[in-house]
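Hi,

Here is the model I promised to send over. Have a look at it first, then read my notes underneath.

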Amino acid sequence: MSNETFDAVQIGTVHSPLTDTASAPKQGREGAPEAAIEFSADVLDALESLRVGDRVIVVTWLDRARRDVLRVHPRDNPANPLRGVFNTRSADRPNPIGLHEVEIVAIDGNTVRVRDLEAIDGTPVLDLKPVI
C-alpha cells in the first residue's frame, strides 16, 4: 500500500443535534434531523446558484471513525456476515470519507440547512456536489 499523502481543505462544518455516532441513523433517510452546514467565508462564491430544493452530495471527513478497520458486520449487526469495508457504507475505513445525499431546505449567507444528513455535530465538510 502506498504511503503517499495529500492535503484536503475543510470548507465547512456540520451543525446537527446528532452528537453520538452510536445513536445516529445509518442513512440520512432513516430519521436524520434537519442540520446546518456552516461554510468558510473564503468559499462563499462556490455556493452561488444553489437553490432550496436542490439535492446535493455532501462530502465529509468522518473524523471520529477508526482508520484501521478493514472488515465489519454491515449495519453493526453481528448477525450479518463480515464484509470488507469497501463493500459497505461503514464510517470505519482507511480513508473515512462520507457521502451524504441531502436536500437543501434553506440558505442564509454562509449557512445551508439540509435534511437527511446523518453526520454528527462538528463533522468537517470537504465538498458539495450536485446530484445528477
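Below is what I found, starting with the barrel and ending with the salt bridges.

A bit of housekeeping: this is a predicted model, so to speak of local features I need pLDDT of at least 70, side-chain atom pairs count only at pLDDT 80 or more, and totals for chains, interfaces and linings use all residues. Residues are numbered from 1 along each chain as its sequence is written, and side-chain values use heavy atoms, with hydrogens and water left out.

**The barrel**

Six strands close into a barrel, in the order S1-S2-S7-S6-S3-S8, with antiparallel pairing. From one strand to the next the twist averages 45° (axes are lines fitted to C-alpha atoms, and angles run from 0 to 180 degrees between N-to-C directions). Strands here are DSSP runs of E, at least two residues, numbered from the N terminus, and two of them pair if DSSP finds at least two bridges between them.

S3 (residues 55-61) pairs with S6 (residues 97-108) over seven bridges, in the antiparallel sense. Within that pairing, Thr60 has Gly98 as its bridge partner, and Val59 has Leu99. S3 also pairs antiparallel with S8 (residues 124-130), over five bridges; there Ile57 stands opposite Lys129.

**Salt bridges**

I count eight salt bridges, taking a side-chain nitrogen of Lys or Arg within 4 Å of a carboxyl oxygen of Asp or Glu. Three to look up:

- Glu34 and Arg113, with the closest N and O atoms 2.9 Å apart. Glu34 sits in the loop between S1 and S2, Arg113 in S7, and they are 79 residues apart.
- Arg55 and Glu101, with the closest N and O atoms 3.0 Å apart. This pair links S3 to S6, across 46 residues.
- Glu103 and Arg115, with the closest N and O atoms 3.4 Å apart. Glu103 lies in S6 and Arg115 in S7, so this pair ties together parts twelve residues apart in sequence.

Buried or exposed, where does Arg55 fall? In between: Arg55 is partly exposed at 23% relative accessibility, and its partner Glu101 is partly exposed at 35%. (Buried means under 20% relative accessible area, exposed over 50%, partly exposed in between, with a 1.4 Å probe and protein chains only.) Glu34 is also partly exposed, at 36%, as is Arg113 at 32%.

Finally, Arg55, Glu101, Glu103, Arg115 and Asp116 are linked in a network of salt bridges.

Cheers

Key. Helices (H or I, at least four residues) and strands (E, at least two) are DSSP runs, numbered from the N terminus.
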